[in-house]
Each structure stands twice: as structure tokens, then as C-alpha cells.
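Reader: I would like a close look at the aromatic side chains and the cysteines of this model. Please keep to geometry and burial.

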Amino acid sequence: VTHSIPACIGSMTINSKQLDNESPVSIFAVNKCYVAVQDGTFFDGSGFAALVREGYKVRSDVNITLEFRTTAVHGILLGVSSAKVDAIGLEIVNGKVLFHVNNGAGRITATYEPRGTNSLCDGKWHKLQANKSKHRISLVIDGNLVQTDNPYIQSTSADTNNPIYVGGYPADVKQNCLTSKSSFRGCLRNLVLTKGQQAELFDFSRAFDLRGVFPHSCPGAEH
């Protein structure tokens with residue numbers, strides 16, 4: 001087993017002596033346990049999760065689905081880039097959700113603007129689906145569809161080869177389809193990337209880099 005247990009552990013004794021877990025000698029990626037907990041992954045607003053170390057190839061088609069819960073009006077959801085301009089990005093900016101795609105010819109953006117400024121940032125779960133099919137892109141939030149025209153119809157493939165960054169990205173990493181640098185604060189769950197018939201559900205506890213991210217435990221309410 002090469003990854004940590006997604007659980008809460010308490011009241012541990014060795015040889016009848018209770019261990020003091022309030023003042024450990026060292027600590028790494030251990031968060032407090034919440035009284036009220038929900039399924040999901042908690043992002044504390046300081047970091048990111050990095051998935052697919054060898055690089056994720058978006059190419060012509062990808063369908064991204066996830067659920068998010070936040071009270072912040074800014075935050076990066078997901079970015080996959082390349083060393084060139086090809087990239088995709090999902091972010092919350094001023095309470096709107098933006099889905100950016102650059103197939104090499106220029107960035108295009110589908111924007112979902114809710115009726116109320118904070119209606120997506122109300123601490124409740126919201127469903128997101130972002131779809132790129134060749135040069136077409138669409139965004140569905142809570143069942144509401146947004147599509148956008150793409151003038152670059154000849155350019156159909158986003159030739160990315162970098163990891164998938166979720167909730168933010170490191171300072172030394174380039175992201176061509178994100179306008180924000182704000183790390184996401186809140187909870188994410190059910191991140192699935194689908195290509196054709198191949199659907200992949202990502203388990204954040206298996207990320208190769210996690211900073212400020214706590215898999216499998218989401219506080220029942222914002223702290």
C-alpha cells in the first residue's frame with residue numbers, strides 16, 4: 001500500500017498509554033476530523049492537487065464532470081496545459097464559471113453567469129459539465145447549457161501533455177487557459193474525465209502532489 005488511509009483515527013493507545021495526537025513530533029497532510037462530514041475532497045484555498053504525472057492528452061474530445069461547493073467567488077477548478085498554447089481550463093471568476101479551450105489557434109471561452117452574483121458560491125453542491133468536441137465547446141451548470149461560437153473551426157485538437165491540476169497550480173507551472181491564480185477553497189467530488197467510452201473517476205488520495213488538499217473528508221459546513 002503506497003497511499004494514506006482516508007479516515008479519522010482517534011484514541012490510540014500503545015501498551016495502555018494514550019498517545020497525545022494534539023502535539024505530534026511531526027505531521028504531514030493530516031487534517032482535523034470534522035464532526036459533520038460529507039463525501040468529497042476539501043481544498044483549503046492554499047494549494048492544489050496534481051494528477052496524471054506523465055501528462056494528460058486532451059486532444060480532440062473530452063468531457064469533464066464534477067460537483068463543487070464553495071463560498072468563495074474566485075477559484076481555479078481545473079487546468080491542463082502544454083508547453084505551447086494548447087490548453088483547457090475551468091475556473092470561477094466573480095461568481096461566474098468559465099471554460100476556456102485553446103486548440104492552438106486562440107483561446108475561446110464559454111461563460112456561465114448565474115442570475116445572482118453569489119448563487120453558485122452559496123456553500124451548496126453544484127453540478128458542472130464541460131465538454132470539448134473538436135472545435136465546439138459547451139458548459140452545463142446545474143442543467144443550464146451555455147455554448148459559444150468558435151471562429152477557429154480548422155483547429156480541433158488541444159495537444160496537451162502536462163498533468164491535470166485541480167484547485168490551483170504551482171507557481172512555476174504555466175497554464176495557458178486560466179486567467180486566475182486563486183486556489184479553490186471549498187469541496188469537490190465526483191471528478192470524471194471521459195474520452196469516447198473511456199470514463200475515468202479521479203481519486204484525489206492517489207494524486208502525485210497534494211498541497212492544502214484533504215481527500216475523502218469535506219466539512220459539513222464551512223469553517
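Reader: To begin with one residue, is tyrosine 165 buried or exposed?

Author: Tyrosine 165 is buried, at 9% relative accessibility. Buried stands for a relative accessible area under 20%, exposed for over 50%, and partly exposed for the range in between, with a 1.4 Å probe and protein chains only. The model is predicted, which is why local features need pLDDT of at least 70 and side-chain atom pairs count only at pLDDT 80 or more, while totals for chains, interfaces and linings use all residues. Residues are numbered from 1 along each chain as its sequence is written, and side-chain values use heavy atoms, with hydrogens and water left out.

The structure has four aromatic pairs. Rings of Phe, Tyr and Trp (its six-membered ring) pair if their centres lie within 6.5 Å, and planes under 30 degrees apart are stacked, over 60 edge-to-face and the rest tilted. One of the pairs is stacked: phenylalanine 42 with phenylalanine 214, at 6.4 Å centre to centre and 25° between the planes. It links distant parts of the chain, 172 residues apart, with phenylalanine 42 in strand E4 (residues 41-51) and phenylalanine 214 in strand E16 (residues 209-214). Strands (E, at least two residues), like helices (H or I, at least four), are DSSP runs numbered from the N terminus. Phenylalanine 42 is buried at 7%, and phenylalanine 214 is buried at 13%.

Tyrosine 165 pairs edge-to-face with phenylalanine 48, at 5.8 Å centre to centre and 75° between the planes. Here strand E4 supplies phenylalanine 48 and strand E13 (residues 164-166) supplies tyrosine 165, 117 residues apart. Phenylalanine 48 is buried, with 3% relative accessible area. Ring pairs also join Phe43, Phe184 and Phe204 into a cluster.

Another ring has a charge over it: the charged end of arginine 189 lies 3.8 Å from the ring centre of tryptophan 125. The criterion is NZ of Lys or CZ of Arg within 6 Å of the ring centre and within 35 degrees of the ring normal.

As for the cysteines, there is one disulfide, the term covering a pair of cysteine sulfur atoms within 2.5 Å. It joins cysteine 187 to cysteine 218, S to S 1.9 Å. Cysteine 187 lies in strand E14 (residues 185-195) and cysteine 218 in strand E17 (residues 218-219), so the bond ties together parts 31 residues apart in sequence. Cysteine 187 is buried at 2% and cysteine 218 at 0%. Cysteine 121 is in no disulfide, and its nearest cysteine sulfur, that of cysteine 187, is 14 Å away. Cysteine 121 is buried too, at 6%.
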